[in-house]
Amino acid sequence: MNNKINAMLLFDGISCSQVSFKKLGIVTDKCYASEIKKHAITVTQHHFPDTIQIGDINNIDFNLYKNIFILMGGSPCQDLSRLKVGEDRKGLQGEKSSLFFKYIEALHTIKPKYFLLENVIMDKDNEDIISDLLGVKPIRINSNLVSFQNRDRLYWTNIPNVTIPKDKNISFQDFKDTDYEYCKKFKVNKTPSRIKMYEKQCPNVTYRDKINCLTCKQDRRNNSGLIDFEDFCRYLTTRELELAQTIPIGYTSMLTKTQSENVLGDCWTVDVITHILKCIPELKDIINEQ
C-alpha cells in the first residue's frame with residue numbers, strides 16, 4: 001500500500017510537525033504549510049525542501065486541497081494569553097487570535113481524518129468556544145514532562161486515546177551549556193535596565209531543573225531565564241533554546257541568534273507533538289517501512 005500521507009500545517013512556524021513526522025517515520029506525499037514569518041519559512045525549507053508553502057492563511061482557498069490526512073496548527077495566542085489583562089485581552093475577537101476561525105474554516109472545508117490544534121492556557125469562556133467548535137475537549141500538557149522547559153499548553157485533537165506523557169524528570173542541569181567561548185556570545189550587557197531585569201524581573205535558572213516558557217525575545221522581562229556568567233549573567237544559548245523545545249541542536253543554525261530565539265519562542269515542543277501523533281490508530285500502516 002501507499003504509506004504516504006497528505007498533511008496541512010497552518011501557522012506552521014519552523015515545522016516542528018515535520019520533525020515529529022520524521023521521528024515517527026511518517027512520510028508525506030504532499031505537505032502544505034501556511035506561514036508568514038520569512039525566517040521560519042527559511043528554516044522549514046532548509047530541512048524539508050519539498051514543503052509546499054501556500055502563503056498567508058487569510059488568502060487560502062481551502063477548496064483546492066483534497067485528501068488531507070491530518071490538519072495541524074497552533075493559532076495565534078496573543079489575544080488569549082493570561083499575561084494580558086482587562087481590555088488588552090480581546091480573546092478570540094482579537095485581531096490575531098481571531099485567526100482561529102480560519103483553522104475552523106480549513107477543518108470544515110478539507111475534512112481531514114485527524115486534526116490537532118494547540119494554544120495557551122486561557123479563560124474558560126474562550127476555551128469553551130474552541131471546544132464547542134472542534135467538538136472535543138482539550139488535553140492539558142506541560143512540556144516540562146518531556147523537556148526542561150515549563151510550557152503549559154492546551155491540545156485539541158480527535159486522535160483517540162491521547163494521554164498525558166509520563167514525566168521523564170529531565171533537568172536543565174544536564175543540558176546547560178558549558179562551552180565558555182560559545183556562552184560568551186550570549187552575555188548580557190550590564191546596563192541599569194538589565195541589572196533590574198536580572199535582579200527583579202527574570203528568573204535566575206542557573207541551578208534550576210526547569211527554565212521558564214520560551215518567549216520570542218530573550219532581552220525582556222519575564223523571559224525564559226538568565227544564567228550567572230562572569231561578573232553578571234547570560235541569556236540562554238541557541239543550543240539550549242533548541243533543546244528546550246526538543247529540537248535537534250543546529251536546527252536553526254542558518255539564522256542569527258536573535259532570529260533563532262524569535263522562531264523558537266513561537267514553535268511547538270517536538271516531543272509533545274510526537275507523543276500525541278503516536279496515538280494515531282493507522283500509524284503502523286503509514287510509517288516509513290524502509
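**A walk through a two-domain model**

Asn-169 lies in the loop between β7 and α5, and this loop is a convenient place to enter the structure, which is a predicted model. The residue is exposed, since its relative accessible area is 61%, and its backbone has a positive phi of about 55 degrees even though Asn-169 is not a glycine. That deserves a remark, because most residues other than glycine have a negative phi.

The loop that holds Asn-169 also holds Ser-171, which is placed between β7 (152-157) and α5 (180-184). Here the surroundings are of another kind, for Ser-171 has a relative accessibility of 11% and therefore counts as buried, the limit being under 20%. Two polar contacts involve its side chain: one is made with the side chain of Asp-209, at 2.7 Å, and in the other a polar atom of the Ser-171 side chain lies 3.1 Å from the backbone nitrogen of Gln-173. When neighbours within four places in sequence are left aside, Ser-171 is in contact with Phe-148 and Asp-209.

From this loop the view can widen to the whole chain, which the domain assignment divides into domain 1, made of residues 5-164 together with 267-288, and domain 2, made of residues 172-265. The C-alpha centres of domain 1 and domain 2 lie 26 Å apart, and the contact between them takes 25 residues from domain 1 and 25 residues from domain 2.

How much area is buried between domain 1 and domain 2? The value is about 2,100 Å², and carbon and sulfur atoms give 62% of that area. Between domain 1 and domain 2 there are 22 residue pairs in polar contact, counted where both residues have pLDDT of 80 or more, whereas the rule for salt bridges finds zero across this interface. On the side of domain 1 that touches domain 2, the helices α1 (16-24), α2 (38-47) and α9 (270-277) each supply at least two residues, and the largest share, six residues, comes from α2. By residue type, this side of domain 1 divides into 11 nonpolar, 10 polar and four charged residues.

A further serine, Ser-131, has its place in helix α4, which covers residues 124-134. Ser-131 counts as buried because its relative accessibility is 4%, and its side chain makes a polar contact of 2.9 Å with the side chain of Trp-156. Not counting residues up to four places away in sequence, Ser-131 touches Trp-156 as well as Val-136, Lys-137 and Pro-138.

Two other residues complete the walk. Glu-230, in the loop between β8 (227-229) and β9 (232-234), has a phi near 50 degrees, which is a positive value in a residue other than glycine. At 45% relative accessibility Glu-230 counts as partly exposed, because that term covers the range between the 20% limit for buried and the 50% limit for exposed. Lys-284, in contrast, is exposed, with a relative accessible area of 60%, and its place is in helix α10, residues 283-286. Along the chain Lys-284 and Ile-36 are 248 residues apart, and in space their C-alpha atoms are separated by 34 Å.

Notes. Residues are numbered from 1 along each chain as its sequence is written. This is a predicted model: local features need pLDDT of at least 70, side-chain atom pairs count only at pLDDT 80 or more; totals for chains, interfaces and linings use all residues. Side-chain values use heavy atoms; hydrogens and water are left out. Domain bounds come from an automatic or database domain assignment. Contact means heavy atoms within 4.5 Å. Buried area is the accessible area (1.4 Å probe) that two parts lose on being put together, summed over both. A salt bridge is a side-chain nitrogen of Lys or Arg within 4 Å of a carboxyl oxygen of Asp or Glu. A polar contact is a pair of N or O atoms within 3.5 Å; within protein, one must be able to donate a hydrogen and the other to accept it, and residues adjacent in sequence count only if both atoms are side-chain atoms. Helices (H or I, at least four residues) and strands (E, at least two) are DSSP runs, numbered from the N terminus. Ala, Val, Leu, Ile, Met, Phe, Trp, Tyr, Cys and Pro count as nonpolar, Asp, Glu, Lys and Arg as charged, and the others, Gly among them, as polar. Buried means under 20% relative accessible area, exposed over 50%, partly exposed in between (1.4 Å probe, protein chains only).
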